[in-house]
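Work through the exercises below with the sequence and the model at hand. Each task is followed by its solution.

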Amino acid sequence: MIQILTLVAFIGFGVLIALYLYGKQRNKKKNKNAQLEFGINQTTSWQSKYNQFAQKAYIKAGRIPIIKGVIARIRLRIETLSVYDEYTLRREIMRIVFTIGGFIAFFFLGAVLFRPSWLVLFWITLGLLFLSGVLLDFFVTRVETRLLTQLKEFNNRVRFYYQQTKMVDEAIYESIQHVGPEMKIQANRIYSILTSVDPNAEMAKYEEVAPSRFLKVIAGLAVLVIDQGDIVNEKGSAFLRGLTSVNQELNTEILYRSKLTYEMRGLSVLALTPIFFALPIKNWATQTFPITQQFYESRLGFLAEVLVYGVAVLAYVLIRKMREITEAKYQSNVKRVKWEQTLLEKVPFLNKIVGAFAPEPYTKEHFKIMKLLKDANSPLKLEWLTLRQILLTLGVVILFIGGFAYAHEREAKSILNTAVPETLFAGKITAEERQALNEKSAFDRRVIEDIQSMENLTPEMVQAYVAEQLGVSDVNNQQVKQATERVISKWLVVENSFLKWWEVLVAFLFGLLVWNIPTLILRFQRFLRFKDMENEVHQHLVLISILREFDRMSVFTILTWMDRFSVVFKEPIQESMHVYDAGPEDALHLLGERVSFEPFQQIIERLKLAVVRISIKESFDDIDMEREFYLEQRRESNARSISEKGTWANLLGLVPVNVLIFLYLVGPLIYISVVETKNVTSLIG
């Protein structure tokens, strides 16, 4: 079957190349000097053909479930970062899809050439899918990094031109001429907001699509200055000090991304290396030392194979998680597919099972899990979480039991049908030696099939039967003894190739171990959300330090700005704004009850003072010092994070390679050497 797949793949690949070359040649003859206006660019005839093909492929690919999700993910990440109209955007999306698809097809065909088993083919395909994530990051993350760098340069240009003109819109317009392509689309959008009839309404629209919080702050600050005018005091211009605060944040973010990328460069690909090199190493070992095939086909070999691929995938996932730099990633997602609810509604008896495993109401365990769900901002209910735990545990138990059963079946099949030399130093074998080994293996298989039906079997009976099959009258003949020992050793493996009770026990133990994985994920999400809350509080301090300088500033306006730039605290802030007209103090008290995070509580207390007693400027008179403290704290936290992530990522990147070397290359040689030593010792004895 593998050979058929290889042949079909290469025929299809050849047909595609032939069609491509034919179309290119025909295109040159028909439209040598033609040009076509497509999207926003003038293109040659060959490019226009590619554009048309990409547009059609985009529409058709959007109907395929898996590819549809990939396209949506790519579009979401690049549509706000570059200057693309709809036609160009679709073409760029398909360019990324074609590149990733071609990369996967190339490696897949290379893997098929080695004629792997279906299990190995599955692992390689899985590795290629993961590797496509690395390519996607290469195409998209580098754009995000360039955007941040160009944003910093844009801020410096705006500062320079604003000091000359004292006009925000003119400063931004002049700065557009000097920015890079990624930032130019954002700068043009900000300028169009400032020159529109209703800047506040346009600003609200831009906040929904702005690719970073820094752009939101700059655009919002520019709109505020257009609306209320700049405030200049002994500390200087409020607008310029706002740009300085944004630049401080940008410097910290750019340095963090740069250092983290440098620390973890190439580790994702390194972690996936064993997936693509395990099969060539296995083929090399079996060709150089044919006896090692006994190890690769045994239960230990199957376990080593699963460990090599499993460790590689696990290390890759962990490294990718450590590389992620997102803003408030774990927020509530109302549109998620609630498959847990659907499953509980469609299968009534599941409710009783879930109820039996879920913690009882009003117990300590029930309270702890409910608090964990709330702290992690998870959309899950307690019943859904318990259902996930049950299904995960059941799936791991079934997977382990099936793996053990498959390993036994594979070992028995291999011992009966594999023809390998009996010594480690046999080296490469000739065609005559291969024929002799095949005949010996067929003889052993026939004898084992015959003796399995015998009752009260003893070694003497096996030896007599082997002598009879060999046509030797002397049962003590050396050839008969060797053949008997070989047959008995294989027969014992075949007889013991069944699922053991302790293997079932191991499967259930691993199932119990993974029971807590969903709650551990929630704890990790709670930790990330805590980091998000720290970053968001610091962002609020930056906003308030800018807003407090304006004369017409009010507590409600500050809450409005906090709502516009919040993710973690967005829902509590919106609730307090809805009841603000009924009483500012009551609204702020409600906000304090909803959020227990201490740094955010301090902001709420200052806002309460600004409502009835003192001005906003007096209430936040020391906010610059607090902001400097949080900025320094964040720098220290980033330094520790980079150091810890770099150490763990380097360790995780080397673990799969070490596992590959010791379990898949050195391990077989040691295993065969030990087995051969035992056989020699038994023969001497």
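A salt bridge is a side-chain nitrogen of Lys or Arg within 4 Å of a carboxyl oxygen of Asp or Glu. The model is predicted, so local features need pLDDT of at least 70 and side-chain atom pairs pLDDT 80 or more, while totals for chains, interfaces and linings use all residues. Residues are numbered from 1 along each chain as its sequence is written, and side-chain values use heavy atoms, without hydrogens and water.

**Exercise 1.** Find the salt bridge partner of R410 and place both residues.

Solution. R410 pairs with E305, with the closest N and O atoms 3.6 Å apart. The pair links distant parts of the chain, 105 residues apart: R410 lies in helix α17 (residues 382-417) and E305 in helix α13 (residues 299-323). Helices are DSSP runs of H or I with at least four residues, numbered from the N terminus. R410 and E305 are both buried, where buried means under 20% relative accessible area, exposed over 50% and partly exposed in between (1.4 Å probe, protein chains only).

**Exercise 2.** Is E340, the salt bridge partner of R388, buried or exposed?

Solution. The closest N and O atoms of E340 and R388 are 2.8 Å apart. E340 belongs to helix α14 (residues 339-346) and R388 to helix α17, 48 residues apart. E340 is buried, because its relative accessible area is 0%. R388 has 29% and therefore counts as partly exposed.

**Exercise 3.** Why are R640 and E636 separated by about one helical turn?

Solution. R640 and E636 are four residues apart in helix α28 (residues 623-684), which means a separation of about one helical turn. Their side chains form a salt bridge at 3.1 Å, N to O.

Key. Helices (H or I, at least four residues) and strands (E, at least two) are DSSP runs, numbered from the N terminus.
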